[in-house]
Structures are given as structure tokens and as C-alpha cells.
Amino acid sequence: MPDYLPAPDAQFTTWQANFVTYANAILVALGLVAGDMTPITTAQTAWGTAYTDNVAKQNAAQAARALKDMKRAAYEGAIRPLVKRLQASASVDDSEKAALGITVPDTIPTPTAVPTSKPVIQVECASRLEQSVGFADEGTPTKKAKPAGVRARPRTTCSAG
């Protein structure tokens with residue numbers, strides 16, 4: 001049996017306001033007295049304060065994050081040209097680049113490991129005179145990923161005619 005209390009806070013707020021208002025309006029018909037509603041209205045006040053505070057803080061956090069993201073983008077935009085200049089400078093050696101935490105070019109390329117599985121070619125005939133060619137890893141043929149270290153062109157569609 002589903003719970004009558006709505007899970008989302010905004011819906012709960014609407015539900016509980018209606019519940020308290022309606023119950024207070026027809027206390028006698030419900031067989032209640034004002035004292036029955038005292039703990040409910042006390043909890044309602046505490047809930048309302050906490051909920052309002054939470055919503056305000058969430059909005060403030062979202063605004064703060066948006067501002068932070070904007071300032072970071074501007075900061076990165078200022079850093080990148082300088083790093084590009086340092087990367088191109090003959091007076092900055094690899095140890096200085098490493099100390100700065102920027103990319104040190106790999107002058108001796110590391111060979112790619114030998115693949116442990118092979119690519120599988122998949123040809124699909126979508127319509128007359130049209131084929132789609134794709135590649136997948138033999139170990140996971142339903143996924144589009146190729147084995148590590150394998151190069152292949154992306155899926156292409158060719159039409160004859």
C-alpha cells in the first residue's frame with residue numbers, strides 16, 4: 001500500500017498545509033480537540049522554518065557554484081596562453097615544466113601493448129545497395145569499443161548507385 005505522505009518536500013509542504021488547515025477547520029467533526037493539533041502545529045512551524053532555510057541555502061549553493069564555474073573558466077582562460085608560451089619556449093626545460101605541473105613532451109614514444117583480443121567487423125545491410133560497416137571487440141561484440149591499442153576507422157555507411 002503506497003504511503004499517503006508525498007516524498008518530495010515541495011509536495012509534502014502543500015499536503016501538510018492542507019491537512020492542518022482542514023483538520024483545524026473541522027476538529028469536532030473529526031472527534032478531535034485543539035490539544036490534539038498542538039504537537040502537529042508545533043512540528044509544522046519547525047518544518048516550515050527548516051524547509052524554507054534549506055531551499056534558500058540550496059539556491060545560494062547553486063548560485064555560488066555557477067559563479068565558481070564562471071570564475072574558473074575565466075582563470076583557465078588566463079592560464080592557458082601562458083602555459084602555451086612556456087611550452088614553446090626554448091628557455092624552459094623539461095624539469096621546469098614538470099615542476100610547474102604542465103605537460104612534458106614524451107620524446108620516446110611508449111609502444112602500445114599487444115592486444116589480447118581482436119576486432120570483429122560487423123556489416124549490416126540496412127537497405128538495398130547500402131551497407132554499414134562497424135568494428136567491435138571480440139570479447140564484447142555488443143559494445144562499440146575496440147580492443148585497447150587497435151586502430152580502426154569509425155562506422156561508415158556506403159551506398160552504391
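This section describes the overall architecture, the α1–α2 helix pair and a few individual residues of the predicted model.

Across the protein, the mean pLDDT is 88, and 89% of the residues reach 70 or more. Confidence is not uniform along the chain: the highest mean, 97, belongs to helix α2, whereas the lowest, 56, belongs to strand β3, which covers residues 156-159. The secondary structure comprises 3 helices and 3 strands, and these elements follow one another from the N terminus in the order α-α-α-β-β-β. Of the 161 residues in the protein, 10% are buried. When contacts between residues at least 6 apart in sequence are considered, 30% of them join residues that are at least 24 apart.

The packing of two helices is described by the angle between their axes together with the distance between those axes. For helix α1, formed by residues 9-25, and helix α2, the axes come within 11 Å and cross at roughly 150°. Because angles over 145 degrees count as roughly antiparallel, α1 is assigned as roughly antiparallel to α2. The crossing in which α1 passes α2 is left-handed. By class, the residues in this contact divide into 9 nonpolar, 5 polar and 1 charged. On the α1 side, the contact involves D9, A10, F12, T13, Q16, A17, V20, A23 and N24, and these meet M37, I40, T41, Q44, W47 and Y51 on the α2 side.

Helix α2 spans residues 34-88, and A34 lies within this range. With a relative accessible area of 53%, A34 is classed as exposed, because the term applies to values over 50%. The C-alpha atom of A34 is separated by 9.9 Å from that of A23, a residue 11 positions away along the chain; A23 is itself one of the α1 residues that take part in the contact with α2.

Two further residues of α2 were examined, namely V83 and Q87. V83 has a relative accessible area of 23% and is therefore partly exposed, the boundary for a buried residue being under 20%. Between V83 and T103, which are 20 residues apart in sequence, the C-alpha to C-alpha distance is 9.3 Å. Q87 is likewise placed in the partly exposed class, here with a relative accessible area of 27%. When neighbours within four places in sequence are left aside, the contacts of Q87 are with K97, I102 and T103. One of these partners, K97, is 10 residues from Q87 along the chain, and the C-alpha atoms of the two residues are separated by 7.7 Å. T103 thus appears in the description of both α2 residues, as a contact of Q87 and as the residue whose C-alpha atom is 9.3 Å from that of V83.

In the β region, L129 is located in the loop that joins β1, residues 119-127, to β2, residues 130-137. The backbone of L129 has a phi value near 65°, which is positive although the residue is not a glycine. L129 is partly exposed, with a relative accessible area of 44%, a value that falls between the limits for buried and exposed residues.

Terms used:
Residues are numbered from 1 along each chain as its sequence is written. This is a predicted model: local features need pLDDT of at least 70, side-chain atom pairs count only at pLDDT 80 or more; totals for chains, interfaces and linings use all residues. Side-chain values use heavy atoms; hydrogens and water are left out. Helices (H or I, at least four residues) and strands (E, at least two) are DSSP runs, numbered from the N terminus. Buried means under 20% relative accessible area, exposed over 50%, partly exposed in between (1.4 Å probe, protein chains only). pLDDT is the predictor's confidence in each residue, from 0 to 100. Axes are lines fitted to C-alpha atoms, for helices over the stretch in contact, and angles run from 0 to 180 degrees between N-to-C directions. Angles under 35 degrees count as roughly parallel, over 145 as roughly antiparallel, 65 to 115 as roughly perpendicular and the rest as oblique. A crossing is left-handed if the near helix is turned anticlockwise from the far one by less than a right angle, and right-handed if clockwise. Contact means heavy atoms within 4.5 Å. Ala, Val, Leu, Ile, Met, Phe, Trp, Tyr, Cys and Pro count as nonpolar, Asp, Glu, Lys and Arg as charged, and the others, Gly among them, as polar.
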